[in-house]
Amino acid sequence: MTAVLAPAATGTGAAVGAWRRLFLRCLLVPLTVTAPLTYLALGFDHRYNVYWHGAVVQARPWSLVTENLRTVPMYLDFGNFRPLGRMLEWSVDVLAYLLTGLLQLPAQVGLRLMSALAAAVLTAAAVLLAEAVTARGRMFGAPPARPLVVVPFALGASLAAAGQLSSTVLFGGLYFLSAAIVLAVAAWLARAPRSMPLVVVAGAALATVNEMAALALPVATVAVLARARLGPAALPNPASAGPAGPARPLRAVVALWAGFLPVFVPVRILIWAACRDGDCYRNSDLLLGSGLGSALPHRLVAWLPPLQWDEALREAAAPGRVVLAAAVLALAALAVRPLADLARLPSLGRRPAIALALTGAAVLLLGAGLGSVNRQGQLMASMDRWGAGWRDSGLTAAGGALLLTGLLALAARAVVLRTALVVVALGAAVSTAVNHAYAQAANRRPAALVSAAISAEIAQFDTTAAGDRRRCELRDRFAALFADDAYSRFAAGELPGTRSAADRMQVTADLATRQRYGRPFCRGAE
């Protein structure tokens, strides 16, 4: 079945305007939902990395590359291989550090903004993949298919702060962008790239990012096959698949795997040799035992907003009515135009809708599988924490949004789509209010209070003796809070000479204040 355009939406200008509005919502919805987390205190490695990476790279910009290449042997011994992934992580931290230094704001503000922008990039990548799989002719040549207006709101509703390990809270910049890479690569291959050598190089590069980026290969394989067998490429329209026909995307998939495997396989052998005694970084371990069976169902549904809300409010009060009302108004303002546009947008044929649903299901299943073979995912499942977030949260949310979009297209009824749009927009509003409640509760924890105070001191550096005393007291409070925490050999290897979390905080805070102000964080520590 071919898409049918309403007369008012057939012009090129109408297509450009419709796409512009859709991608604007890809930006505004994530920014709105995550706005209450702007001042959420830094936790775990965020406390240190933004200062460490930011100060080092601002002083020596080339270290963004050289440091992450120099440490490849060390990280291989620790059990992971992510040189490009670490460059991506460092880049996010550097941008946050530069922004907050320029505006003299606490580091968490810059880092939360980078995370929100990364979520926006992921949302745009989900729309891009949907268009790549379903568009019959040139991409963006016609207005977006009617069901695609749901994607920003559906994904935005899944950006609740579902625990301290959720991508919305921890490493959002890195893992939202990693998920976006997965979707963007799949979209690229679905549209038959012309340069096979470039595809081979891309496959090799994906093997050096992180475990999530490696999922780009199976996702791209499914997207290409779904488009070739069920999508527009399967229809008798040569322009839809390019001059080489549907064979070129399949050759591109083979080329991607051909670039990936020669890097991935030897690296995995080296990691196995280094980690067979079990003394490696546990978040890189693949656990295929009995815990996998219980973890997979948990990870398959953990992206659903109601489950995320339950997890986010485990230690927080319910959102206030005023905050919830403000969130509803903000999301309603973003949803009014797409509701009005629905009648003017083209429908999506049954076969492309099935192709999109299958692609979304593959993204969801593969993302959930990644979380299921991890120790942390299996631990959360054993505790029956159905909505707990982890590094897979962004990818599973994107997969769920694409699956939902495909199913709505199959329904092919305007009232169903309008109702779904209202529901997911309200879900995004509730997630916004839940994020506010989560941030309020999380920022009252003792560690958060100290971390936020340290960030404020670095942002607004007081050069007086009183300021130094304040910072030294914060250093001592931090040391007391984390005195009983184990300090791994991995952490010590990253920052030689450190033996505790307090040492790590002292060293990284010093890097920032010496780089910005030419002074140590605490003179009493000298």
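How many helices and how many strands are there in the protein chain?

1. In this predicted model, the protein chain holds 22 helices and 0 strands. Its radius of gyration is 24 Å, close to the 24 Å that the globule rule gives for 526 residues, so the chain is as compact as a globular protein of that length. Measured out along its principal axes, the C-alpha trace spans about 75 × 55 × 45 Å.

2. Turning to how the chain is covered, buried residues account for 54% of the 526 residues, while the chain still exposes about 21200 Å², of which carbon and sulfur atoms supply 66%. If one takes the contacts between residues at least 6 apart in sequence, 84% of them join residues that are at least 24 apart.

3. In soluble globular proteins, nonpolar side chains tend to be buried together. Here the largest nonpolar core has 115 residues, and those with the most contacts inside this core are Phe 153, Leu 183 and Leu 256. A second, separate core has 11 residues, including Leu 40, Ala 161, Val 169 and Val 434.

4. Leu 183 is a useful residue to look up in the structure. When its neighbours within four places in sequence are left aside, Leu 183 is in contact with Leu 122, Ala 125, Ala 126 and Leu 129, and also with Val 363, Leu 395 and Ala 398.

5. Helix α20, which covers residues 465-481, has 17 residues and reaches 24 Å from its first C-alpha to its last, close to the 24 Å expected at 1.5 Å a residue. Which residues of α20 are buried? They are Gly 467, Asp 468, Arg 471, Cys 472, Leu 474 and Phe 478. Seen down the axis of α20, these buried residues fall within an arc of 155 degrees, so they line one face of the helix. An α-helix has 3.6 residues a turn, so residues three or four places apart point the same way.

6. On the other side of α20, Ala 465, Arg 469 and Ala 480 are exposed. The buried residues of this helix, in turn, pack against α2 (46-59), α19 (446-459) and α22 (501-517).

7. Helix α19, one of the packing partners of α20, contains Ser 451. Is Ser 451 buried or exposed? Ser 451 is buried, because its relative accessible area is 5% and buried means under 20%. Not counting residues up to four places away in sequence, Ser 451 touches Leu 42 and Arg 47.

Technical notes
Residues numbered from 1 in each chain as written. Predicted model: local features only at pLDDT ≥ 70, side-chain atom pairs only at ≥ 80, totals over all residues. Heavy atoms only, no water. Helix = DSSP H or I, 4+ residues; strand = E, 2+ residues; numbered from the N terminus. Expected span 1.5 Å × (residues − 1). Buried < 20%, exposed > 50% of the residue type's maximum accessible area, 1.4 Å probe, protein only. Arc of directions from axis to C-beta. Contact = heavy atoms within 4.5 Å. Core = buried A, V, L, I, M, F, W, Y, C linked by side-chain atoms within 4.5 Å. Rg over C-alpha atoms; globule rule 2.2 N^0.38 Å. Areas by Shrake-Rupley, 256 points an atom, 1.4 Å probe, with all protein chains shown as cover.
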